Amino acid sequence: MGNKQSNPSTISNNLKSLYATAVRCQKLNSDKQALYCYIQSLNQILSIHHTSPDIDQFQHDVIRDLCDIYIRQYDIAPANRFIGFALQIAYKSQDSNKIIECLDRQGQLKRYEGDYDGALLDHYKSIEIKLKVHTNEGLDVSNSYFNIANVYDDQGKYDEAICMYEKSLKIGLSILGLNHSTIAITYSSIGNVYSDQGKYDEAICMYKKSLKINLAIQSDNHSDI
C-alpha cells in the first residue's frame, strides 16, 4: 500500500449510497435486500482496477457486514468465505481493530461448525490483541471472555466456562452497572452451566438474578421474561 493516496472520486457517491442502503436494510432485518445491496457494492468495488487504503477499508467493511448477515442466517459456508477475505484485508492493512472483528466472527463460525479448538484459538488471539491495544479491560474484552465461555460450555468444560463467564460479568458490571440486559444474559448463561452440572440451587439463584434485572428494565410481557 505504501503512501499511495486514493483518488477522491475512487469511491463514488453512488457506491457509498448503495452501501448505506445495505446497512439500513440490515438494521431493519431486511436481509434479502441487504444482501443484494452488499453484493452490488462488492461487485462495484472489485471493478475498480487499482487499490488504495480507503478502497481496502471500504471493501473490508462491506465484506464484514455481508458476513454478518450469513452468520445471522446460519449460512456457514459463505460466511466463512467472506470472513476469510475480510481477515486477509485486515492483516494487509495491519489494522488491529479490523483483525479483532474478523477473529471474533471467525471464532463464532468455528464454534457453529463444532471446531471448538479452532474457535478458542481465534478468541484467545482476539483477546490478546484487545489487551495490547486497549489499556483497560472494556466491553470488547468482556465479550471475548463470554465467547470463550460459550465454547467451553459446548465442550462440557463447565468449570472453565463459569470462570470465563464470571470474568465477563465482572467487567460488565463495572461498566454497565447491574440493570442491563447484557448482565441478565450473563447470569442466565451461568445458570445454564450450573443446570448442566446438576447444581440446580445455584442455577435457580442465577436465573432469579437474571429475572430481577429483566423485570427492572423491561415490561412484564417481554419475551426474555
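**Figure 1. Helices α1 and α2 of the predicted model, whose axes come within 8 Å and cross at roughly 155 degrees.** Helix α1 covers residues 13–27, and helix α2 covers residues 31–46. An angle over 145 degrees counts as roughly antiparallel, so α1 and α2 are roughly antiparallel to each other. Their crossing is left-handed. On the α1 side, the contact is made by Asn-14, Leu-15, Leu-18, Tyr-19, Thr-21, Ala-22, Val-23, Cys-25 and Gln-26. The α2 side contributes Gln-33, Ala-34, Cys-37, Tyr-38, Gln-40, Ser-41, Gln-44 and Ile-45. Sorted by class, the contact of α1 with α2 holds 10 nonpolar residues and seven polar ones, with no charged residues.

**Figure 2. Helices α5 and α6, with axes that come within 8 Å and cross at roughly 160 degrees.** Residues 96–113 form helix α5, and residues 116–133 form helix α6. With the angle over 145 degrees, α5 and α6 are therefore roughly antiparallel to each other. The crossing of α5 and α6 is left-handed. From α5, the residues that meet α6 are Ser-96, Asn-97, Ile-99, Ile-100, Leu-103, Asp-104, Gln-106, Gly-107, Gln-108, Lys-110 and Arg-111. Their partners in α6 are Tyr-116, Gly-118, Ala-119, Asp-122, His-123, Lys-125, Ser-126, Ile-129, Lys-130 and Val-133. By class, the contact of α5 with α6 divides into seven nonpolar, eight polar and six charged residues.

**Figure 3. Surroundings of Leu-103, a residue of helix α5.** Leu-103 has 1% relative accessibility. Buried means under 20%, so Leu-103 counts as buried. Leaving aside neighbours within four places in sequence, Leu-103 is in contact with Leu-87, Tyr-91, Asp-122, Lys-125, Ser-126 and Ile-129. Among these, Asp-122, Lys-125, Ser-126 and Ile-129 also appear in the α6 part of the contact between α5 and α6. The C-alpha atoms of Leu-103 and Ser-144 are 10 Å apart in space, while the two residues are 41 residues apart in sequence.

**Figure 4. Cys-102 and its closest cysteine sulfur, in Cys-67.** The two sulfur atoms are 8.0 Å apart. A disulfide needs the sulfur atoms within 2.5 Å, so the sulfur of Cys-102 is too far from that of Cys-67 for a bond. Cys-102 has 0% relative accessibility and counts as buried.

**Figure 5. Cys-205 and its closest cysteine sulfur, in Cys-163.** These sulfur atoms are 18 Å apart, which is too far for a bond. At 35% relative accessibility, Cys-205 counts as partly exposed, whereas Cys-102 counts as buried. Across the whole structure, the search finds zero disulfides.

**Figure 6. The whole protein, with 10 helices and zero strands, as context for the close-ups.** Along the sequence, the pattern reads α-α-α-α-α-α-α-α-α-α. Taken along the principal axes, a box of roughly 65 × 40 × 30 Å is filled by the C-alpha atoms. The protein has 225 residues, of which 43% count as buried. Of the contacts between residues at least 6 apart in sequence, 54% join residues at least 24 apart.

Notes
Residues are numbered from 1 along each chain as its sequence is written. This is a predicted model: local features need pLDDT of at least 70, side-chain atom pairs count only at pLDDT 80 or more; totals for chains, interfaces and linings use all residues. Side-chain values use heavy atoms; hydrogens and water are left out. Buried means under 20% relative accessible area, exposed over 50%, partly exposed in between (1.4 Å probe, protein chains only). Axes are lines fitted to C-alpha atoms, for helices over the stretch in contact, and angles run from 0 to 180 degrees between N-to-C directions. Helices (H or I, at least four residues) and strands (E, at least two) are DSSP runs, numbered from the N terminus. Angles under 35 degrees count as roughly parallel, over 145 as roughly antiparallel, 65 to 115 as roughly perpendicular and the rest as oblique. A crossing is left-handed if the near helix is turned anticlockwise from the far one by less than a right angle, and right-handed if clockwise. Contact means heavy atoms within 4.5 Å. Ala, Val, Leu, Ile, Met, Phe, Trp, Tyr, Cys and Pro count as nonpolar, Asp, Glu, Lys and Arg as charged, and the others, Gly among them, as polar.
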